[in-house]
Amino acid sequence: MDLKPHKRDWNLRSCGARGHVTFRPDEEALADRLHVATPAGEAWRCLRCDLYVPGPPRLSGPSDSAPIVLRGKALKDAFILRLLAVERLLRGVVLAGIAYGIYRFDGARTSLQRWFDTYVPLLKPVADRMHLDVEQTSPIHLIQKAMHFGHDTLIWAAVGVAAYAGLQFLEGIGLWLLKRWGEYVAVVGTSAFIPWEVYEVAHHVSPIKVAALLVNLAAVAYLVWSKRLFGVRGGHAAFEAERHSVAVLEVEKAALGAAART
């Protein structure tokens with residue numbers, strides 16, 4: 001019995017989830033390399049997983065019009081990018097909620113102050129029995145401190161947080177759609193806040209802050225290196241050449257060219 005762990009086949013997993021991608025190129029010599037005849041009828045080679053799929057091709061046309069199919073390492077990269085996209089979109093939702101909360105807090109400040117003046121004194125006898133200074137507990141102290149901020153300060157804070165939420169949504173959408181501009185926005189946007197995160201960790205270290213910093217550093221390094229951003233490892237031209245080098249049609253075109261030269 002083979003007890004060795006099997007490598008995850010991203011091509012087959014993707015075909016299982018989305019279906020095979022078969023294509024008949026108009027160039028007969030190339031079409032012959034993607035087609036076989038079987039007793040059950042014709043079968044066409046999937047551009048993603050390389051398996052021959054019974055039945056007519058799903059698509060056809062000139063080879064230059066063939067769909068760009070992610071396969072192999074590119075599929076794994078797409079999975080990681082979409083995980084990052086989900087994290088960015090969730091962060092955007094949280095930040096948008098915070099921005100709205102700051103805005104609402106500014107409008108309800110008078111009512112909140114009245115609530116403090118009425119109910120906090122009522123809590124003091126119970127708190128005193130527990131040897132607790134209720135006005136210095138973290139939530140109460142933070143809210144009281146925020147109530148002393150001016151109207152303009154709170155509005156600008158809400159605008160700033162809302163803008164940051166918008167940046168997170170932009171990053172998330174770009175990464176989910178696997179757009180190169182989304183990768184650049186993610187790298188630039190994340191890198192811009194890393195100095196602040198380093199400052200925060202240096203002045204008040206906590207496991208959550210350290211973990212967030214490490215995740216952002218890893219995300220930036222991964223995107224720059226794997227996607228060859230900013231000219232790294234040959235830049236965009238090398239990235240496209242690498243992707244085309246594993247495409248089924250490109251491999252078969254190269255094989256036909258080599259055969260013609262011999």
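**Note on the predicted model**

1. Residues 154–177 form a stretch that is 96% helix and 0% strand, with the C-alpha atoms at its ends 35 Å apart. The coordinates discussed in this note belong to a predicted model, and every value below should be read with that in mind. The UniProt record, in an unreviewed entry, places the feature "transmembrane region" at residues 154–177 and also at residues 208–225. The second of these spans, residues 208–225, is 100% helix and 0% strand, and its end C-alpha atoms lie 26 Å apart.

2. Taken as a whole, the protein chain contains 10 helices and 5 strands. Of its 262 residues, 31% are buried, and its accessible surface amounts to about 16600 Å², with carbon and sulfur atoms contributing 66% of that area. Among the contacts in the chain with a separation of 6 or more, 67% join residues that are 24 or more positions apart.

3. How do helices α7 and α8 pack against each other? Helix α7 covers residues 180–203 and helix α8 covers residues 207–226, and the two pack at an angle of about 150 degrees with their axes 9 Å apart. Since angles over 145 degrees count as roughly antiparallel, α7 and α8 are therefore roughly antiparallel to each other. The crossing in which α7 passes α8 is left-handed. On the α7 side the contact is made by residues including Glu-183, Ala-186, Val-187, Thr-190, Ser-191 and Ile-194, while the α8 side contributes, among them, Lys-209, Val-210, Ala-212, Leu-213, Asn-216 and Leu-217.

4. Gln-168 deserves a separate look, and its place is in helix α6, which runs over residues 151–176. With a relative accessible area of 2%, Gln-168 is buried, because any residue under 20% is counted in that class. Leaving aside residues up to four places away in sequence, Gln-168 touches Arg-88, Leu-89, Arg-91, Gly-92 and Leu-95. Gln-168 and Thr-190 are 22 residues apart in sequence, and their C-alpha atoms are 9.3 Å apart in space; Thr-190 is also one of the α7 residues that make the contact with α8.

5. Further along the chain, Glu-242 lies in helix α9, which spans residues 235–245. Glu-242 is partly exposed, its relative accessible area being 31%. Although Glu-242 and Ala-74 are 168 residues apart along the chain, their C-alpha atoms are separated by 9.7 Å.

6. Two backbone positions might be checked by eye. Asp-50, which is not a glycine, nevertheless has a positive phi of about 75 degrees, and this residue lies in the loop between β3 (41–45) and β4 (52–54). With a relative accessible area of 31%, Asp-50 is partly exposed.

7. Is the other such position, Arg-228, buried or exposed? At 11% relative accessibility, Arg-228 counts as buried, since the cut-off for that class is under 20%. Arg-228 has a positive phi of about 55 degrees, although it is not a glycine, and Arg-228 is found in the loop between α8 and α9.

Key: Residues numbered from 1 in each chain as written. Predicted model: local features only at pLDDT ≥ 70, side-chain atom pairs only at ≥ 80, totals over all residues. Heavy atoms only, no water. UniProt positions renumbered as here; feature names shortened; annotations may be inferred. Helix = DSSP H or I, 4+ residues; strand = E, 2+ residues; numbered from the N terminus. Buried < 20%, exposed > 50% of the residue type's maximum accessible area, 1.4 Å probe, protein only. Contact = heavy atoms within 4.5 Å. Areas by Shrake-Rupley, 256 points an atom, 1.4 Å probe, with all protein chains shown as cover. Axes fitted to C-alpha atoms, helices over the stretch in contact; angles between N-to-C directions. Parallel < 35°, antiparallel > 145°, perpendicular 65-115°, else oblique. Left-handed = near helix turned anticlockwise from the far one by under 90°.
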